[in-house]
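Thanks for coming, everyone. Please have a look at the model before I start talking.

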Amino acid sequence: MAARESKPANSGGFFQRLLDTFFKSSDPEAEKRRLMKNIAKEVSKTKFKFYKFNTDEVLPAFAKTFFVIYKTVAPAQTFFQNMQNEKSLQTFVFHSMLSNNQLNMLEKLSEDSILEEAKSVPLQQLNMQIKNRTEHLFSDFDSTLINRIDKLYTQLMLFKAFCSFDYYFVLRKFASGMREYDFSTTPQFEPINGKYILDDLKDFISIAWLVVEYDNWTDLFNLLKKMRDVEPVAHNTWLKMLSRLREIQNSRIFEMMLQLIQQDPSATIHLKDSNEHIVESYLNKIRQQAEKTINQLQLTQKNSKIDSLVTSIFGTNSVVRLKNYTEEQSVIFEKRNLGSFAYHQPLNYMKAFILDYIKKDVRELSDLILVRGKWSTTTLSTTMSDSYHTLLEMSDKIIEFDESLSDSSPLSGKLKNLLTRCERDKEASNVLHTVLNDINNNARTILVTCVQNLVTFAKNIKMVLEDKQKANPELIINWKELEHFAENSVKDMAVSVYKQLYQFVTLIQSFLT
């Protein structure tokens, strides 16, 4: 609803206004007093004896009207005190307007349902199913359904605000001995100065005049009954009270009281836009929760695969080789949402693999094939040899990279300096992000170079193995001699190395893709 203003008080008939036009006083204060007297006359003509202009008093009849409202809505106050969470109210309204098919579709997008399905459905297939269900559900929400849901929730929020208004606080100003929620007798109310209820009356009007705009309350009361299997306010009693409020609204007694109390004949009440819009945000929440659940499953699956590969390659999942580019150091930045050491895991595994495997098993195979092997042409062995030696060189590169982040290094000092300045200096945060990105890019470059050379070396092993199976090998011409020098079968050695390289490349690529 757009912001509205209450109409100014009627200051007289046509002829009175015509006379006012011709004989209007040039004294603003005199004009103000004249308008105030006219408003006071209008107040005296209404049937609601709420205010006495001469003494600026709000009368007991006003308090009695508020007491009737308080008595009517008191059960609803308790009802809503136990339902403070607006998210739960949104959910209840949202679900109440959906068909059984839509509710079933909604249930299939819940976290519990997705997790249960993941036990029997491949994750990639489940991901597609969830996307299709989301699109199908969202397509059902046309403008008509969206408006119905938003309107019902708006009405619920206005009803809640009206019922939760602090009537007791207002009434105690007229009867200080009144006890809360005691409706056994009507208290003896006394007149009070208007200024004591000025703000309360403004707050009440800003809610009440929005509530009385609604004619149909059937859907809302059905909803309330579904919530707790009880009506917080009897439907007929509520409608009678609204009818009384509309009479008060039409009389404009409250608006005129405010003008008189404030001594401002032009004073008006602005009614704010009360329309709630919950559908779009609720649907987005459903989509985001479903995507989050799928992402968690994918991450769990990925981590499980990584743990399995790490254990298979190294015999344990506890592998620690790096000293500075580590998870512990990364957490320092992650806690402050400043970034991280993004590749600390794969680089740690790369260093371990080169030290524990490349420099042992792969070296043994390389010495045998590349050094003792007689190749039909050196060109064929060069690629394999180059990739092997590049991997050995990368071991030194990794150590050098890790040492560049040691406590005594200039780069580490720069990171610490930026970290201390981040909380008070936004530019320091931006610079820190840039420095961390550069560090991570260097780590990734090392990893990519290593993976490329591991793949090249593995392809050459496969090529050599395939050549060995031929009746007349063409790449290496002294296989019998190599078998003589090898402690075990050359073929078995090569197959074992190839499998290890394949597993390890699979492990590292899971971090790079």
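I'll go through the cores, the aromatic rings, the charged pairs and a few single residues.

One thing up front. This is a predicted model.

Let's begin with the inside. The largest nonpolar core has 96 residues. Which residues have the most contacts inside it? They are Leu156, Phe162, Trp238 and Phe254.

Take Phe254 from that list. Leave aside its neighbours within four places in sequence. Phe254 then touches Phe50, Phe62, Phe66, Leu201, Phe204, Ile205, Trp209 and Ile248.

There is also another core, apart from the 96-residue one. This other core has 70 residues. Among them are Ala352, Leu368, Leu436 and Cys450.

Now the rings. A pair of aromatic rings is described by the distance of the centres and the angle of the planes. How many aromatic pairs does the structure hold? The count is 41.

Here is one of them: Phe66 with Phe165. The ring centres are 6.4 Å apart. The planes meet at 65°, and the cut-off for edge-to-face is over 60 degrees, so this pair is edge-to-face.

Where do the two residues sit? Phe66 is in helix α3, residues 60-81. Phe165 is in the loop between α8 (143-164) and α9 (167-171). The two are 99 residues apart in sequence, so the pair ties together distant stretches of it. Buried or exposed? Phe66 is buried, and Phe165 is buried too. You have met Phe66 already, as one of the contacts of Phe254.

Rings also have charges over them here. Arg372 lies over the face of Phe485, 4.1 Å from the ring centre. Lys468 does this with Trp479, at 5.3 Å from the ring centre.

Next, the charged pairs. Side chains of opposite charge can pair when their charged atoms come close. In this structure there are 13 salt bridges. I'll show you a few.

Start with Asp182 and Arg179. Their closest N and O atoms are 2.8 Å apart. Asp182 has a relative accessible area of 22%, so it is partly exposed. Arg179 is at 58%, so it counts as exposed.

Then Asp215 and Arg246. Here the closest N and O atoms are 3.7 Å apart. This pair links distant parts of the chain, 31 residues apart. Asp215 is in the loop between α10 (198-211) and α11 (218-228). Arg246 is in helix α12, residues 235-251. Asp215 is exposed, with a relative accessible area of 64%. Arg246 is partly exposed, with 24%.

Third on my list, Asp356 and Arg321. The closest N and O atoms are 2.6 Å apart. Asp356 lies in helix α16, and Arg321 in the loop between α14 (279-314) and α15 (327-334). That is 35 residues apart in sequence, so this bridge ties those parts together. Asp356 is partly exposed, at a relative accessible area of 28%. Arg321 is partly exposed as well, at 29%.

Some bridges share partners. Asp467, Lys470 and Glu474 are joined that way into one network.

Let's stay with helix α16 for a moment, residues 344-372. Val362 is in that helix. Its relative accessibility is 1%, so Val362 counts as buried. What does Val362 touch, not counting residues up to four places away in sequence? The answer is Tyr357, Tyr388, Phe457 and Val497. Val435 is another matter. Val435 is 73 residues along the chain from Val362, and their C-alpha atoms are separated by 36 Å.

On to the cysteines. How many disulfides are there? The count comes to 0. Two cysteines to look at are Cys163 and Cys422. Cys163 is buried, with a relative accessible area of 0%. Cys422 is also buried, with 9%.

Last stop, the backbone. Asp56 has a phi near 55°, a positive value in a residue other than glycine. Asp56 is in the loop between β2 (51-52) and β3 (57-58). Gln263 also has a positive phi, about 55°, and it is not a glycine either. Look for Gln263 in the loop between α13 (253-262) and β5 (270-271). Its relative accessibility is 49%, so Gln263 counts as partly exposed.

That's my tour. Over to you.

Conventions. Residues numbered from 1 in each chain as written. Predicted model: local features only at pLDDT ≥ 70, side-chain atom pairs only at ≥ 80, totals over all residues. Heavy atoms only, no water. Phe/Tyr/Trp six-rings, centres within 6.5 Å; stacked < 30°, edge-to-face > 60°. Helix = DSSP H or I, 4+ residues; strand = E, 2+ residues; numbered from the N terminus. Buried < 20%, exposed > 50% of the residue type's maximum accessible area, 1.4 Å probe, protein only. Lys NZ or Arg CZ within 6 Å of the ring centre and 35° of its normal. Disulfide = S-S within 2.5 Å. Contact = heavy atoms within 4.5 Å. Core = buried A, V, L, I, M, F, W, Y, C linked by side-chain atoms within 4.5 Å. Salt bridge = Lys/Arg side-chain N within 4 Å of Asp/Glu carboxyl O.
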